[in-house]
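Trainee: I am meeting this entry for the first time and would be grateful for a guided reading. May we proceed by question and answer?

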Amino acid sequence: MPARALARRLYQDRWAYLFLLPSLGFFAVFFLVPVAWGAVLSVLDYRPLSSQWVGLDNYRYVLTDWLFWRSLANNLYYAAGVVPLWLGKALFVAAVIFPFRKPLQNLYKTAFYLPHVTSAVIISMIWLWIYNPPFGLLNYLLKTPGFAWLGNTLTAMPALILMQVIMGGGSTIVLISAAMGSIPGDYYEAAEIDGATKVQQFVRITLPLLKPTMLYLLVMGTISSFQVFTNVYLMTRGGPQFSTITIGYLIYETAFTFYEFGTASAMAMVLFAIVFAVALVQFRWLATDVEY
Amino acid sequence: MRSTRRLVCLACGVLLGLLGTLQPGPALAEERPITITWWINPWRIAPPDLQPDQAPTAEDFPRWISQEFMKRHPNVTVRYEVLTNQGFDQKVAAAILAGNPPDVLRPINFRQEWVRQGLLEPIDPYLTPFDWEDFYDYALDEGKVGDHYYLFPWNNSNNGMGSTLLLNPRMFAQRGVALPPLPDRAWTMDEFMEAARKLSYDTNGDGVNDYYALAMSARMDLMNNLAWFHIFGARYVDEQQRRFVLNSPEGVRALTWMVDAIHKERIAPPGAEGMGIYDVINLFHQQRIAIGYGGPYEIGRIDRYLKEGRIQEKFPAHVAQFPHFPEIGPVAYHTSGGFVVFKQADPYKREMVMEFVRFLTNPENMKLLRSLLYVTARKSVNEGLYEGYEFEDEIDVYLRAIEHGIPYFGSAELDTTPADNHFIAMLEAAFSRNRTPRQALDEFVAQANRLVFRGR
């Protein structure tokens, strides 16, 4: 586009840009600047009173550190466990409550949304008690006194995933319900006339038309799974034997326990690249041009 | 022309320098307004103005002592902040990174890294001859890096963790087990095991013990776990401070004993791999274990928890030494805590900040630690501090125990923090029997040596 035409276009849309400016400002200050600053720190041996250029040394260290790869594998395990179960649960609950009348539907949505607004710290404390070896609720119910759900390498990560799946998904249910509500009723009427059962209607109409919402939730769910921190920090500290250490927790430890701010920034940049790539792949493979 | 200008500049510089030396020293007499920021984690010390029936909060002591200092120095404003224990180190790290640390900090863990990064003021010029004589050497050494000292000593030990045990005499009496005798309450490992076996029992006949002698925990319990290793004669690092040596035969014996205590002897409950120190303290408070970890301070905690409704019933507790092998002798963890001063650009403010820290650690104010049942870092204060006091015997046992004190983590110059997570992982592996004690220790030592001594 020639420069003059571009300038005219910009001038024509000037009010839109003006209204976008505050959001853009916040986005720049709280996202772009930290990312750029993180990129700068990642090539420095950063100290509070001095810093030294080390080039790609931090990246070299991170990419050859077994603990980083372990935490990446744990993150993948966590995401692979949480995201599908989370979406499945939300879809199931949304499908079950959707035919209800509005007040009852809202009641269920509120009930499922409540854990979403509860502090992750409180939730973690409650689940710590549930999983506690000598006097935990789970061991009491299963009659397995002394079993350390969070102390066993086989059960620690599934225990974290289970907690997240049970407590999470409130906002997902609300979004899926909203998306279900926006599907035109004509489709279902036509299907009923053609003799389709409720299950067939759900599989052939609801699910395909929910695809854009599901794609959004899948991407956001994956990103938040890669950023998991609070549960790990409060419940396992990455243990037992590093079986629940995640990149988010490793970055935190590296920066704030070991004062390796450059290394932590390099880890954060690698995490950024991974999440960005995963989101791109998901959009490319699952994107759809559904319109209704 | 240029050289003339240089000469003039040089002459001016010399003149200004000379004038500087003629001015009165760092001028405490300046008395211009300054603000001192002070961060401390919750210490529920009862200040003198607290009503006797009132339970002290974490704010009471910093409020009172700040006000007292401000009364003496009206030009100074002390802004204290009580930080929670959870995330304490991270908040400090964030403040340092932001270039805005407090002037005075009572760190939970003294970090030599701060000295290496040039963040702290040395305190040795501010220690009087009396201070040098009065502070325990090991308390001063806690903050020694190179030839300088960076930590104004205050409290002695850290709740007694790794130094002494707490016994529930009621549970001992119920099982007909005699307490180790005063004045030392010391016992050999054989005596300890005999008692521990009697104190662990099943009440409902399902074959699983409901009450245990003690508990082990893998997480956040470095000092108590290291105590068991030291009892067997193992050491964390070698004498030259050049490598981790916990996988010595003594270390393997110690870890084998710890694992056996859970799985074979069943004197400690299963699940240690998933438990932390607070789980162990809770078990002691619930009187499910007869022996807990800690010193006199933990007795005060029982009272506090009772007032807060966290425990249902008050019960007595006695301090006792960790058991020992006669051929090795008793051991306890030696450590100390205190205050650090972050770098000050303004010499006058530096003087006043140091004055404030000296005020915090003077013998009179240090005596306030008595309300927490803490032993102090000053010899003169400890003499007679608990004379005639309800818990005099417990303090005495504690003082006798720490006479055998050694620094478990090697010299103060050595920062073993990077190995901590691997130490925990080693215990988790051994307690859950994922690894034999030998395998777990070998893996730990390999990782720890790589991280601490070889760096990257």
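Trainee: How many bridges join strand E6 of chain B to E12(B)?

Mentor: This is a predicted model, where local features need pLDDT of at least 70, side-chain atom pairs count only at pLDDT 80 or more, and totals for chains, interfaces and linings use all residues; side-chain values use heavy atoms, without hydrogens and water. Residues are numbered from 1 along each chain as its sequence is written, and chains are lettered from A and ligands numbered from 1 in the order written. Strands (E, at least two residues) and helices (H or I, at least four) are DSSP runs numbered from the N terminus, and strands pair if DSSP finds at least two bridges between them. Strand E6, residues 152-156, runs antiparallel to E12(B), and the number of bridges joining them is two.

Trainee: Which strands stand at the edges of the sheet that holds E6 and E12 of chain B?

Mentor: The sheet is open and has six strands, in the order E2-E1-E3-E11-E6-E12 of chain B, with mixed pairing. Within the pair E6 and E12, Asn156(B) faces Val375(B) of E12(B). Pairing on one side only marks the edge strands, which in chain B are E2 (76-82) and E12 (375-376).

Trainee: Which strands does helix H3 of chain B touch when it packs on that sheet?

Mentor: Helix H3 covers residues 88-97 of chain B, and its direction makes about 150 degrees with that of E1(B). Such angles run from 0 to 180 degrees between N-to-C directions, and axes are lines fitted to C-alpha atoms, for helices over the stretch in contact. Contact means heavy atoms within 4.5 Å. The strands of chain B touched by H3 are E1 (34-40) and E3 (104-105).

Trainee: Which strands of the sheet E8-E7-E9 in chain B have a single partner strand?

Mentor: This open sheet has three strands with antiparallel pairing, and its twist averages 40 degrees from one strand to the next. Strand E7 (164-167) of chain B pairs with E9(B) over four bridges, and Thr164(B) has Gln321(B) in E9(B) as its bridge partner. A strand with a single partner is at an edge, so one side is left without a neighbour in the sheet; in chain B these strands are E8 (291-293) and E9 (318-321).

Trainee: How are H4(A) and H9(A) oriented to each other: roughly parallel or oblique?

Mentor: The axes of helix H4 (66-97) and helix H9 (170-181) of chain A come within 9 Å and cross at roughly 50 degrees. Angles under 35 degrees count as roughly parallel, over 145 as roughly antiparallel, 65 to 115 as roughly perpendicular and the rest as oblique. The crossing angle therefore makes H4(A) and H9(A) oblique.

Trainee: How many residues in the contact of H4(A) with H9(A) are nonpolar?

Mentor: Residues of H4(A) in this contact include Trp86(A), Leu87(A) and Ala90(A), while those of H9(A) include Ile173(A), Ile176(A) and Met180(A). Ala, Val, Leu, Ile, Met, Phe, Trp, Tyr, Cys and Pro count as nonpolar, Asp, Glu, Lys and Arg as charged, and the others, Gly among them, as polar. The contact has no charged residues and two polar ones, and the nonpolar residues number eleven.

Trainee: How many charged residues take part where H4(A) meets H5(A)?

Mentor: Helix H5 (102-117) of chain A packs against H4(A) at about 160 degrees, with the axes 10 Å apart, and this angle makes the two roughly antiparallel. Lys89(A), Val93(A) and Ile97(A) of H4(A) meet Gln105(A), Tyr108(A), Lys109(A) and Phe112(A) of H5(A). Besides four nonpolar residues and one polar residue, the charged residues number two.

Trainee: How many polar residues does the contact of H17(B) with H18(B) contain?

Mentor: Helices H17 (420-431) and H18 (437-453) of chain B pack at about 170 degrees, with axes 9 Å apart, and are therefore roughly antiparallel. Among the residues in contact are Phe423(B) and Met426(B) of H17(B), and Leu441(B) and Phe444(B) of H18(B). Eight residues are nonpolar and none is charged, while the polar residues number two.

Trainee: What distance separates the centres of the two domains of chain B?

Mentor: An automatic or database assignment sets the domain bounds, giving domain 1 (7-157 + 334-383) and domain 2 (164-333 + 410-453) in chain B. Here 15 residues of domain 1 are in contact with twelve of domain 2. Taken over C-alpha atoms, the separation of the two centres in chain B is 34 Å.

Trainee: In which loop of chain A is Pro240(A) found?

Mentor: Pro240(A) is joined to Gly239(A) by a cis peptide bond with omega of about -5 degrees. In chain A, the loop holding Pro240(A) lies between helix H13 (230-236) and helix H14 (247-256).
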